[in-house]
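Please look over the sequence and the model below. The report covers one annotated residue, the ligand shell and one helix pair.

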Amino acid sequence: MKPDNTSKFAANRFSIAPMLDWTDRHCRYFHRLLTNETLLYTEMVTTGAIIHGKGDFLAYNQEEHPVALQLGGSNPQDLATCAKLAAERGYDEINLNVGCPSDRVQNGRFGACLMGEPQLVADCVAAMRDVVDVPVTVKTRIGIDDQDSYEFLTDFVSIVSEKGGCEQFTIHARKAWLSGLSPKENREIPPLDYPRAYQLKKDFSHLVIAVNGGVKTLQETKEHLQHLDGVMVGREAYQNPYILAEVDQQIFGLDKPIKKRTQVVEDMYPYIEQQLSNGAYLGHITRHMLGLFQNMPGARQWRRYISENAHKPGSGIEVVEAALAKIPKELDV
Ligand SMILES: Cc1cc2nc3c(=O)[nH]c(=O)nc-3n(C[C@H](O)[C@H](O)[C@H](O)COP(=O)(O)O)c2cc1C
């Protein structure tokens, strides 16, 4: 499908998945230096944390826009409260997690188990839509446990879109086993079924449908975009972030130079300095940058130098400069 830059959903043509403990605000700032256009998702934040927790769970950097908050919860009033707070803070989209299979999340009756309660999901989406103007979207799977027929998925999407008003879904194209598999295994063992996501788009052509799961290259992304409105990439974007460097050109059709890896590192310096002066630890920022030189000469030394030094008390920008010096200059990468 052609890029539609006028749509409020344009940014969802390519997005980076919500990933707990990975896509925090430092990570998102770093990813934004590689791509202007990609929609960035926060880690899942539970309604309980926002409403009762100590600390500001909605903090982000203005540079991150467009940025979507992913919420975990299943109480419509609580979700509405959190969505409203998030919209006031300027988030561009609110996403509900209906895909996480962890036991902890199931105990709170949210995440993937909500696929079995489509009316409740519709109520949650409707409650959030009542109080915000930004899109309220749902990230889900193609099924749970033995409920893995195409009809199960279409019933879910029908109810959540018709009764809840949800206009956009991201489909992680594998089902989740709610018991017996760890969250990690649930990202690897159930087989991917992209044709099912394609069929969903055919049957619900009025909805915005993005696919997620197992995408590793921009070539694969383009192939999915022949059938769907958007592609969400998780692990590959985190572990091999330089794939993001050509997203604006290849996926969004912009005509601009491709940033070099060394430039991305240097562009991080002002942010790192500012964060350190606010009391952040260097290692909390640099841990997201370890994969930047993947498959390049010097990559292992870069990674090792940062891993061994960034966590030491008082570590500053000089650690990153010294790590960068491990990359052979003549490579000009
Ligand atoms: C470390 C990690 C944490 C994750 N946390 C979340 C989360 O908070 N919310 C969510 O919807 N999915 C979460 N996921 C799942 C991803 O969003 C994505 O659906 C999954 O990794 C499949 O996409 P991929 O193959 O491109 O990685 C997480 C995945 C990883 C690897």
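Beyond its neighbours within four places in sequence, cysteine 100 is in contact with Met44, Gly72, Val105, Gly111, Ala112 and Pro183. The model is predicted. Cysteine 100 sits in the loop between β4 (93–98) and α4 (103–107). Is cysteine 100 buried or exposed? It counts as buried because 24 other C-beta atoms lie within 10 Å, and the cut-off for buried is 20 or more. UniProt, in an unreviewed entry, places the feature "active site" at Cys100.

Now the ligand. The shell around the ligand holds 23 residues, of which Ala17, Met19, Met44, Gly234 and Arg235 come nearest. Two elements, β2 (39–46) and α9 (235–239), each give two or more residues to this shell. Met44 appears twice in this account: it is among the residues nearest the ligand, and it is in contact with cysteine 100.

Next, the helix pair. Helix α3 (residues 76–88) packs against helix α5 (residues 118–131) at an angle of about 35°. Their axes are 8 Å apart. The crossing is right-handed. On the α3 side, Pro76, Gln77, Leu79, Ala80, Ala83 and Lys84 take part. They meet Asp123, Cys124, Ala127, Met128, Asp130 and Val131 of α5.

The table gives both sets of residues by class.

| Set | Nonpolar | Polar | Charged |
|---|---|---|---|
| Shell around the ligand | nine residues | eight residues | six residues |
| Contact of α3 with α5 | eight residues | one residue | three residues |

Definitions and conventions. Residues are numbered from 1 along each chain as its sequence is written. This is a predicted model: local features need pLDDT of at least 70, side-chain atom pairs count only at pLDDT 80 or more; totals for chains, interfaces and linings use all residues. A residue is near a molecule or strand if its C-beta atom, placed from the backbone, lies within 6 Å of it. Helices (H or I, at least four residues) and strands (E, at least two) are DSSP runs, numbered from the N terminus. Ala, Val, Leu, Ile, Met, Phe, Trp, Tyr, Cys and Pro count as nonpolar, Asp, Glu, Lys and Arg as charged, and the others, Gly among them, as polar. UniProt positions are given in the numbering used here, feature names are shortened, and annotations may be inferred rather than shown by experiment. A residue is buried if 20 or more other C-beta atoms lie within 10 Å of its own, exposed if 12 or fewer, and partly exposed in between; C-beta atoms are placed from the backbone. Two residues are in contact if their C-beta atoms, placed from the backbone, lie within 7 Å. Axes are lines fitted to C-alpha atoms, for helices over the stretch in contact, and angles run from 0 to 180 degrees between N-to-C directions. A crossing is left-handed if the near helix is turned anticlockwise from the far one by less than a right angle, and right-handed if clockwise.
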